[in-house]
Amino acid sequence: MAQDRDIKYVNKDFGDFRNQLIEYAKNYFPDSYNDFSPTSPGMMFIEMAAYVGDVLSFYQDTQLQETYIQHAKNPANLYNLAYMMGYRPKITTPSEVDIEVTQIVGATQGNPNWNQALQIPANTQLKSTATGNSNFIINKPIDFTFSSSYDNTTVTIETLSAGNPSQFRLTKIAKAVSGQVKTITQTVTSVEKFRTITIDDTDIIGIQSIVGSNGDIWYEVPFLGQDTVFIDNTNNNPDNQVVPYSLTLQRVPRRFVTRFTSTGQLQIQFGAGIAGQDDSVITPDPTNVGFGSNQGVSRIDYAFDPSNFLSTKAYGLAPSNTTLTITYLVGGGVQSNAPANTINNLVGYAVTPTAVDASQLGTVVFNNPQAAAGGRDGDTIDELRENSLRAFNEQGRAVTLQDYTVRALSMDSKYGSIAKIYATQDQLTNPNSSTDSIIDSNPLSLSLFTLAYDNNKNLTLATNTLKSNLKTYLSEYMILTDAINIKDAFIVNIGVNFDIIVRPDYAGRDVLLACTNRLKDYFNITKWNINQPINLSSIYTLLDQEKGVQTVQKVEVVNNVGGTYSQYAYDIQGATRNNIVYPSYDPCIFEIKFPDTDIKGRITTI
């Protein structure tokens with residue numbers, strides 16, 4: 001909440017001004033005026049002057065407090081301070097939901113006819129049938145022919161003919177956000193430095209694209225001084241089924257920034273460069289650094305900005321002689337939180353999917369099994385203040401080990417998904433290192449131990465393309481002096497054997513199945529991290545909590561190695577201390593690869 005106004009720059013009020021004016025008159029005009037009674041005419045003028053001083057002091061204190069985000073109350077000032085501290089205020093927040101997309105395809109030789117499987121383009125628009133009729137957009141393409149652990153295509157039999165499958169149902173889960181696509185055009189003739197275009201609309205979520213009439217694409221950047229953006233390229237390497245796109249950094253002279261005003265308008269600002277005279281790339285050398293001085297002959301001790309040492313950087317090109325088509329998204333808010341099974345009305349595709357048979361489009365069905373959630377109105381004054389203070393500390397940089405972990409896990413899955421990551425200083429994993437002498441290791445280097453998922457959601461090593469994408473992605477956030485070594489963590493496949501005694505009047509088979517399911521959930525790989533130990537006492541407690549279990553007699557963790565399992569053997573017994581199975585010195589993760597067969601339970605007697 002806003003703090004009370006406690007900034008007193010002058011630190012005087014009406015009484016202070018009045019008393020000082022009286023003392024001033026007594027000291028400097030003792031013979032001219034000496035009637036300071038409340039009813040005297042002279043006191044009227046003194047009090048009027050004190051009143052003016054009090055008012056000016058109040059406004060001076062108020063103006064000063066509006067420069068501090070803890071005390072500012074004017075929304076316009078708060079928005080300016082928020083952007084200065086690196087926070088982007090939210091006018092509205094869209095709701096999110098998982099959309100179940102299904103398609104019916106024919107069969108060929110008992111398998112789905114994949115030639116009929118559709119590839120639905122991005123920006124498919126849906127509408128909710130609930131109150132409010134909120135619009136939703138699936139902003140990523142849906143490819144029924146592609147399947148991975150993060151983008152799985154579920155295949156089920158739809159109909160049978162003479163005992164054989166005649167139709168199959170293909171199901172995918174796609175993310176959708178609430179919003180409606182709108183488009184405006186802006187004709188630009190002459191060049192104007194830092195041209196600003198204002199979109200006067202309500203509940204603006206953000207810009208989707210800006211394209212010029214000549215086909216030029218303009219890219220949004222956090223600030224005009226940043227001239228690189230992430231670009232997707234189709235991955236043609238053998239691992240393209242796991243990593244659909246490769247990530248590259250590309251310099252973009254055509255760029256823009258956006259900024260919300262306190263009234264809900266969205267301002268778009270472009271650079272100041274002129275086409276054909278782009279000076280964004282200048283190589284510094286002794287002949288041009290410091291030239292053009294108008295303050296003296298020598299500039300040896302001048303403080304140069306390394307990003308703008310000539311003060312001529314254009315911060316991107318300014319549009320000219322073109323018509324800009326601006327596509328933006330509006331919507332969100334509390335009203336966009338639609339109930340389950342209501343988002344099933346197809347408004348239209350951005351581009352009609354190509355199909356061998358046009359009737360295949362009619363077999364596509366959309367639905368949301370769960371309610372859309374997360375939609376809310378814009379930041380309140382107090383939220384804006386607190387979020388700005390938080391953003392100032394975040395800075396968008398990777399500094400701590402946790403920063404690198406979270407940043408790596410946040411990379412978009414279309415570039416390949418990091419399933420597990422463990423960050424540590426390089427010297428801590430080097431067997432030649434000691435506290436007194438660091439040998440063969442860089443004290444500023446970090447080691448990121450990574451693993452990915454295969455199509456069955458089992459752990460596997462990250463591919464070279466995935467590591468390259470991760471390296472490119474992290475390069476935008478890491479500190480200059482940091483060095484990162486991306487390595488493979490070790491996978492140790494295990495099995496669990498347990499013996500239980502069942503209480504009387506309980507079906508042993510049912511109790512055994514319930515215990516097995518508890519262990520499957522406990523060892524679900526999504527809940528485990530690299531270098532996480534196994535607490536056997538927790539497993540005993542977990543099984544004891546199952547109804548019908550009288551006693552847990554034994555819990556044994558065994559190592560499965562070779563064949564379809566990991567090639568790395570591990571001495572489970574030697575690594576167990578005080579009922580805790582510790583991981584190896586080299587970062588590793590314990591995984592039950594086949595829960596249905598690797599978790600074995602028995603019912604015994606006393």
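## Confidence in the model

The mean pLDDT of the protein chain is 84, and 88% of its residues reach 70 or more. The structure is a predicted model, and the confidence is not even along the chain: pLDDT stays under 50 over residues 292–296. For residues 292–296 the model has 2 contacts beyond four places in sequence.

Residues 429–439 also have a pLDDT below 50. Beyond near neighbours in sequence, the stretch 429–439 has 18 contacts in the model.

## The chain as a whole

The protein chain has 606 residues, of which 39% count as buried. Its secondary structure consists of 9 helices and 32 strands. About 33,200 Å² of the chain is exposed, and carbon and sulfur atoms supply 50% of that area.

How far apart in sequence are the residues that touch? Taking contacts between residues at least 6 apart in sequence, 74% join residues that are at least 24 apart.

## Helix 2: a surface patch and a salt bridge

Helix 2 covers residues 41–65. Part of it belongs to a nonpolar patch on the surface, formed by F14, Y51, V52 and L56. Together these four residues have about 400 Å² of accessible area. Helix 2 gives the most to the patch, with 3 residues. One residue of the patch, L56, lies in helix 2. L56 counts as exposed because its relative accessibility is 57%, and the cut-off for exposed is over 50%.

Helix 2 also holds E47, which is paired with R18 in helix 1 (residues 14–28). The two form a salt bridge in which the closest N and O atoms are 3.1 Å apart. With their positions 29 residues apart, the pair links distant parts of the chain. Are these two residues buried, partly exposed or exposed? E47 is partly exposed, with a relative accessible area of 28%, and R18 is partly exposed as well, with 21%.

## Other salt bridges

The structure holds 18 salt bridges. One of them joins K520 and D596, whose closest N and O atoms are 2.6 Å apart. This pair, too, links distant parts of the chain: K520 is in helix 7 (residues 508–522) and D596 is in helix 9 (residues 595–598), 76 residues apart. The partners fall into separate exposure classes: K520 counts as partly exposed because its relative accessibility is 28%, while D596, at 64%, counts as exposed.

Another salt bridge brings together the side chains of E383 and R376, at 2.8 Å from N to O. E383 has 29% relative accessibility and counts as partly exposed. R376 has 30% and is also partly exposed. Salt bridges can involve several residues, as in the network that links D499, K554, E556 and R602.

## R195: a buried arginine in a loop

R195 is found in the loop between strand 10 (180–188) and strand 11 (196–199). Is this loop residue buried or exposed? R195 counts as buried because its relative accessibility is 14%, and the cut-off for buried is under 20%.

A polar atom of the R195 side chain lies 2.8 Å from the backbone oxygen of S190. Leaving aside residues up to four places away in sequence, R195 touches V188, S190, I268, Q269, F270, G271 and P319. The list therefore includes S190, the residue that supplies the backbone oxygen, along with the run I268, Q269, F270 and G271.

## N367: a buried asparagine in a strand

N367 is found in strand 20, which spans residues 365–367. Its relative accessible area is 19%, so N367 is buried, given that the cut-off is under 20%.

Which side chain makes a polar contact with the side chain of N367? The partner is the side chain of N341, at 2.9 Å. Not counting residues up to four places away in sequence, N367 touches D98, I99, E100, N341, T342, I343 and N344. N341 thus appears both as the polar partner and among the residues that N367 touches.

Key:
Residues are numbered from 1 along each chain as its sequence is written. This is a predicted model: local features need pLDDT of at least 70, side-chain atom pairs count only at pLDDT 80 or more; totals for chains, interfaces and linings use all residues. Side-chain values use heavy atoms; hydrogens and water are left out. pLDDT is the predictor's confidence in each residue, from 0 to 100. Contact means heavy atoms within 4.5 Å. Helices (H or I, at least four residues) and strands (E, at least two) are DSSP runs, numbered from the N terminus. Buried means under 20% relative accessible area, exposed over 50%, partly exposed in between (1.4 Å probe, protein chains only). A polar contact is a pair of N or O atoms within 3.5 Å; within protein, one must be able to donate a hydrogen and the other to accept it, and residues adjacent in sequence count only if both atoms are side-chain atoms. Patches are made of residues with over 30% relative accessible area and no salt bridge: like charges are joined within 9 Å, nonpolar side chains (Val, Leu, Ile, Met, Phe, Trp, Tyr) within 5 Å. Accessible areas come from the Shrake-Rupley method with a 1.4 Å probe; for residues, only the protein chains shown count as cover.
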